[in-house]
Amino acid sequence: RLIGLPADRRAAVNDIYLESGRYFLPGDDQMAVLDIHFAHFYDFKAGTRLRVLLRGQEETFESVGVAVSPEYLFLSPSEQEIIASARSFAILFVPQETLARLLGLPGRVNQVGVLVSSPDARAAVVSSTEEVLKPYALSKTTLRENVPAVQALQMDLEGYREIAATVPAMILIIGALSVYITLSRMVQ
């Protein structure tokens, strides 16, 4: 999956966090920042050249860094496939202008991220944003809790919540049993 990011500034919403390497510089063309899962699986670093098949044409990108994205903390290609393998699913962050040129869609944007500061205003913001984007053929609105990576993270946290309740109780029971055995031996 190729995701376009502005080359002249950092994204205000869903910005990537660089683990190594650098962000894009103005004028970077066939450069890419690799997703951390993919980069670690194949041991790719900055300077790695990757061939990508895009619209039937092979394009070559040079990696300038490795990053983590809040949208892809867990590799989630879609709502149907919540968790994927880095072996078969890769994310490359590329300059927005490069991606638009390669897809033949100059000046177009296919994803807008909106940060809402007040939970009470969320429904109104979603509604007004959908109304503004309606003439541009808005296909889907996805709330944060419906993002596949967020759903995977929530499932993970729910699993740990059960462990967090039972493990301390087991440790206390074992500790109390040990104290009881030690005291009963001392009394005997």
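Phe44 counts as partly exposed in this predicted model, its relative accessibility being 22%, and the residue belongs to an aromatic cluster that also takes in Phe38, Phe41 and Tyr42. The briefing begins with this cluster and then turns to the nonpolar cores, helix α2, the salt bridges and a surface patch.

**Aromatic pairs**

- Across the whole structure, a search finds five aromatic pairs.
- In one of these pairs the rings of Phe38 and Phe44 have centres 5.5 Å apart and planes at 70°, and the pair is therefore classed as edge-to-face, since that term applies to planes over 60 degrees apart.
- Phe38 has a relative accessible area of 11% and is therefore buried, whereas its partner Phe44, at 22%, counts as partly exposed.
- The rings of Phe41 and Tyr42 likewise make an edge-to-face pair, because their planes stand at 75°, with the ring centres 4.9 Å apart.
- Phe41 counts as partly exposed at 40% relative accessibility, and Tyr42, at 35%, is also placed in the partly exposed class.

**Nonpolar cores**

- The largest nonpolar core has 17 residues, and the members that touch the most others are Leu5, Ile16, Phe24, Val33, Leu75, Ile91 and Phe93.
- Two or more residues of this core come from each of the elements β1 (2-5), β3 and β5.
- A second core, separate from the largest one, is made of 15 residues, among them Leu34, Ala39, Leu50 and Val94.
- When residues up to four places away in sequence are not counted, Ile16 touches Leu5, Arg10, Tyr23, Val33, Ala67, Val68, Ser69 and Phe93.

**Helix α2 and its surroundings**

- In helix α2 the buried residues are Thr98, Leu99, Ala100 and Leu102, and the buried residues of this helix pack against β1, β4, β5 and β6 (92-95).
- Thr98, which lies in helix α2, has a relative accessible area of 2%, and this residue is therefore buried, the limit for that class being under 20%.
- Apart from neighbours within four places in sequence, the contacts of Thr98 are with Asp28, Asp29, Gln30 and Phe61.
- Gly104 follows α2, and the phi angle of this glycine is positive, near 75°.

**Salt bridges**

- How many salt bridges are counted in the model? The count comes to eight, and three of the pairs are described here, beginning with one that involves helix α2.
- Asp29 forms a salt bridge with Arg101, in which the closest N and O atoms are 2.8 Å apart.
- This pair links distant parts of the chain, 72 residues apart, as Asp29 sits in the loop between β2 (17-21) and β3 (31-35) while Arg101 sits in helix α2 (residues 96-103).
- Both partners are partly exposed, Asp29 with a relative accessible area of 34% and Arg101 with one of 45%.
- Glu62 and Arg49 also meet through their side chains in a salt bridge, with an N to O distance of 3.4 Å.
- The pair joins strand β5 (residues 57-68), which holds Glu62, to strand β4 (residues 49-54), which holds Arg49, and the two residues are 13 residues apart.
- Glu62, with a relative accessible area of 27%, is partly exposed, whereas Arg49, at 56% relative accessibility, counts as exposed.
- A further salt bridge brings together the side chains of Arg10 and Asp15, at 3.3 Å from N to O.
- Arg10 counts as partly exposed at 36% relative accessibility, and Asp15 is partly exposed with a relative accessible area of 26%.

**Surface patch**

- Which residues form a nonpolar patch on the surface? The patch consists of Tyr160, Ile163, Val167 and Ile171, which together have about 390 Å² of accessible area.
- Ile171, a member of this patch, is found in helix α4 (residues 148-187).
- Why does Ile171 count as exposed? The relative accessibility of Ile171 is 56%, and the residue is therefore classed as exposed, because that class begins over 50%.

Note on methods:
Residues numbered from 1 in each chain as written. Predicted model: local features only at pLDDT ≥ 70, side-chain atom pairs only at ≥ 80, totals over all residues. Heavy atoms only, no water. Patch = residues over 30% accessible without salt bridge, like charges linked within 9 Å, V, L, I, M, F, W, Y side chains within 5 Å. Areas by Shrake-Rupley, 256 points an atom, 1.4 Å probe, with all protein chains shown as cover. Salt bridge = Lys/Arg side-chain N within 4 Å of Asp/Glu carboxyl O. Helix = DSSP H or I, 4+ residues; strand = E, 2+ residues; numbered from the N terminus. Buried < 20%, exposed > 50% of the residue type's maximum accessible area, 1.4 Å probe, protein only. Core = buried A, V, L, I, M, F, W, Y, C linked by side-chain atoms within 4.5 Å. Contact = heavy atoms within 4.5 Å. Phe/Tyr/Trp six-rings, centres within 6.5 Å; stacked < 30°, edge-to-face > 60°.
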